[in-house]
Amino acid sequence: VDVGARPLAQAFLFLKFAHLLALGIQIRNGNPLFVTGQLLQRNFSLTGKLVFEVYFFVPFLWLLRTLLDWALLPTTIEIFAWFKIQDIGLNLYRNRAINQSRSWFKRTRGQQRPMAPRLFQGGSFFVLLRFILLL
């Protein structure tokens, strides 16, 4: 795509560049300290992970906290970028929790998973989905 011949594409790229520049300035100058204040995301434990997942899946609770944080904390980014940042933090915590829980099981890389857990997990999920679909 030849961006030089399309002024609308140039304007869009300029706005995106300005947005990324503003985000970079905010990151350089420091995000608000509330990010380190996420009580459930500070460090990983199995009970903490379960409590966090319950908190996340309670309808609208995570959404309301994110909206309130954006409304009350000083920021230069728009609300949709704020949601993206919060979602990135959420996914990083979940991945860190998954990696930590994998270290509890003594498996080396490339080692095939045993058949019994695969049948139990996959079979249970299959039966559950079949049951839901047949209702």
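Contact means heavy atoms within 4.5 Å of one another. The model is predicted: local features need pLDDT of at least 70, side-chain atom pairs count only at pLDDT 80 or more, and totals for chains, interfaces and linings use all residues. Residues are numbered from 1 along each chain as its sequence is written, and side-chain values use heavy atoms, with hydrogens and water left out.

**View 1. Helix α4 and its packing partners.** Helices (H or I, at least four residues) are DSSP runs numbered from the N terminus, as are strands (E, at least two). Helix α4 covers residues 79-102, 24 residues in all, and reaches 35 Å from its first C-alpha to its last, close to the 34 Å expected at 1.5 Å a residue. The expected span of a helix is 1.5 Å times one less than its number of residues. Buried stands for under 20% relative accessible area and exposed for over 50%, with partly exposed in between (1.4 Å probe, protein chains only). The buried residues of α4 are I79, A81, W82, F83, Q86, L90, Y93, R94 and A97. They pack against α1 (7-29), α2 (46-57) and α3 (61-72).

**View 2. Y93 in helix α4.** Y93 counts as buried, at 2% relative accessibility. Its C-alpha lies 9.1 Å from that of K49, although the two are 44 residues apart in sequence.

**View 3. The two sides of helix α3.** With 12 residues, α3 reaches 17 Å from its first C-alpha to its last, close to the 16 Å expected at 1.5 Å a residue. Its buried residues are W62, T66 and D69. These cover an arc of only 65° around the axis, which puts them on the same side of α3; the arc is that of the directions from the helix axis to the C-beta atoms. An α-helix has 3.6 residues a turn, so residues three or four places apart point the same way. On the other side of α3, L64, L68, A71 and L72 are exposed. The cover over the buried residues of α3 includes α2 and α4.

**View 4. T66 in helix α3.** T66 is buried, with a relative accessible area of 0%. Leaving aside residues up to four places away in sequence, T66 touches W82, F83 and Q86. These three are among the buried residues of α4.

**View 5. F60 in the loop between α2 and α3.** F60 has a positive phi of about 70° although it is not a glycine. At 59% relative accessibility, F60 counts as exposed.

**View 6. Helix α1 and the residue that follows.** The 23 residues of α1 should span 33 Å at 1.5 Å a residue, and its end C-alpha atoms are 33 Å apart, which agrees. G30 follows α1 and has a positive phi, near 100°.

**View 7. The largest pocket.** The volume of the largest pocket is about 450 Å³. Of the 13 residues that line this pocket, S101, R102, F105, R107 and R113 are the closest to its centre. The elements that give two or more residues to the lining are α4 and α5 (115-134). A pocket is an open set of points on a 1 Å grid over the protein atoms alone, where a 1.4 Å probe fits, with protein on both sides within 12 Å along at least five of seven lines; lining residues have an atom within 4 Å of a point.

Note on methods
Points joined across faces, edges and corners; volume = space filled by probe spheres on them.
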